[in-house]
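This report describes one protein chain for a reader who has not met it before. The sequence and the structure come first, and the description follows.

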Amino acid sequence: MIIKTADDKTRDIQILQALMARPDASEQTRKNIEREIRNIQAGLKGEREAVYEIEFHYGPSEKWMILHDLRIECQGRVAQIDHLIINRFLDMWACESKHFAEGIAINEHGECSAFFGSRPYGVPSPLEQNRKHVAVLESAIKSGMIKPPSRLGIPLPVSISSLVLVSKGARITRPKAKIEDIDSIIKNDQFKARIDKELGSSNNPLILAKLVGLDTLEAFAREIAALHKPIAFDWAGKFGLSKEAPPVVAKQAARPEAPAAAPSDEEKPRSKLACASCGIQVAYNVAKFCWFNKAKFGGNVYCMDCQKKV
């Protein structure tokens, strides 16, 4: 049963697109905003792939509760859980979905790299990210903010597992060295097989004592969903822009200018190659001679006849 769907990110993308069009956004700021939009769209694509696999197998069942895009605050910490799946034995799977189009590689130190054009670049470890989300979820249960169903007044134990879901078309390169929880990184289409394996490996006969009714399971899931606290991003502040766009100053239409009156013969500027005395045109080399003899001719140009009179 689907208890909570993912929050709509359309509004965030529209706000970012509007910021890109603002006149006070520099070229570098526009590039940063464009990168943010691509990251959101890539994240949405990864989440949609995971949502399809999860809901295909468990969506129609009343024995499974599904919550997408769950944000919980507890004791000053935040858990942003992409997908939370709960069964009647109060087993939880907190899933972090990632869209690594070309795959993810983990080295022997647990450091992660993604790829763009087959070239690696460093990314935060999704294993560490999800461990933090699980830690917040455990704190919420321990503090009583999330209250599991009880039997005879005693809260039933809840188990939480961590999974990282990546695109089914991506490659996963794992190190030869043993890394804790490395096998929790799986492809989206392996999700059901992984759940079946974990449930099949549990041989504890007391597990049936944890079995809760369908109504109890649904009520528990809805109580968790009620703790969701969506966040409103200050996108303008993140990119150093004011909240309000600067006013657009309308350009005033220029008044047509009256055509200028043609200058009289006296007002017409003399050609630089005209003699300053008699006005006749002189050759360029004659004018050049006068310019190089500024001390004698005062910077003026004279024809060869008038030069003799200066």
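## Exposure and the overall chain

A residue counts as buried when its relative accessible area is under 20%, as exposed when that area is over 50%, and as partly exposed in between. At 86% relative accessibility, Leu-152 is therefore an exposed residue. The model is predicted, and by the same cut-offs 37% of the 310 residues of the protein chain count as buried.

The radius of gyration of the protein chain is 37 Å, while a compact globule of 310 residues would have one near 19 Å. Along the principal axes, the C-alpha atoms fill a box of roughly 125 × 50 × 35 Å. One pair of residues gives a sense of the distances involved: Ala-42 and Ala-295 are 253 residues apart in sequence, and their C-alpha atoms are 75 Å apart in space. Ala-42 belongs to helix H2, which covers residues 27-58. With a relative accessibility of 28%, Ala-42 counts as partly exposed.

## Composition, contacts and surface

Nine helices and twelve strands make up the secondary structure of the protein chain. Among contacts with a separation of 6 or more, 61% are between residues 24 or more positions apart.

The protein chain exposes about 19,200 Å², and carbon and sulfur atoms supply 54% of that area. Its side chains include 45 positive and 38 negative ones. The centres of these two sets lie 7 Å apart.

## Strand E4 and its partners

Strands of a sheet pair through backbone hydrogen bonds, and the pairing can be parallel or antiparallel. Strand E4 (residues 91-98) has a partner of each kind. With strand E10 (residues 159-166), E4 pairs in the parallel sense over eight bridges. Asp-91 has Ser-159 as its bridge partner in E10, and Trp-93 has Ser-161. With strand E3 (residues 77-87), E4 runs antiparallel, and four bridges join the two. In this pairing, Ile-85 is matched with Trp-93 of E4. Trp-93 thus has a bridge partner in E10 as well as the partner Ile-85. E3 and E4 form a hairpin with three residues between them, and Leu-90 in the turn has a positive phi of about 60°.

Is E4 enclosed or open to the outside? Eight of its eight residues are buried, so E4 is largely enclosed by the rest of the structure. This holds for both faces: Asp-91, Trp-93, Cys-95 and Ser-97 are buried on one side, and Met-92, Ala-94, Glu-96 and Lys-98 are buried on the other. Beyond E4, strand E10 also pairs with strand E12 (residues 185-187), running parallel over three bridges. There, Val-166 stands opposite Lys-187 in E12.

## The four-stranded sheet

Four other strands form an open sheet with mixed pairing, in the order E7-E6-E5-E11. Strand E7 (119-123) and strand E11 (172-173) stand at the edges; each has a single partner strand, so one side of each is left without a neighbour in the sheet.

Strand E5 (residues 104-106) and strand E6 (residues 112-116) run antiparallel and are joined by three bridges. Within this pair, Ile-104 stands opposite Ala-114 in E6.

## Residues in loops

Most residues other than glycine have a negative phi. Leu-152 has a positive phi of about 55° although it is not a glycine. Leu-152 sits in the loop between strand E8 (150-151) and strand E9 (154-155), and as stated above it is exposed, at 86% relative accessibility.

Asp-181 is a further residue other than glycine with a positive phi, near 65°. Asp-181 is found in the loop between E11 and E12, and its relative accessibility of 35% makes it partly exposed. In space, the C-alpha atom of Asp-181 is 9.9 Å from that of Glu-128, although the two residues are 53 apart in sequence. Glu-128 lies in helix H3, residues 126-142. Glu-128 is also partly exposed, with a relative accessible area of 39%.

Methods. Residues are numbered from 1 along each chain as its sequence is written. This is a predicted model: local features need pLDDT of at least 70, side-chain atom pairs count only at pLDDT 80 or more; totals for chains, interfaces and linings use all residues. Side-chain values use heavy atoms; hydrogens and water are left out. The radius of gyration is taken over C-alpha atoms; the globule rule is 2.2 Å times the number of residues to the power 0.38. Buried means under 20% relative accessible area, exposed over 50%, partly exposed in between (1.4 Å probe, protein chains only). Contact means heavy atoms within 4.5 Å. Accessible areas come from the Shrake-Rupley method with a 1.4 Å probe; for residues, only the protein chains shown count as cover. Lys and Arg count as positive and Asp and Glu as negative; His and the chain ends are not counted. The place of a charge is taken as NZ of Lys, CZ of Arg, CG of Asp or CD of Glu. Two strands pair if DSSP finds at least two bridges between them.
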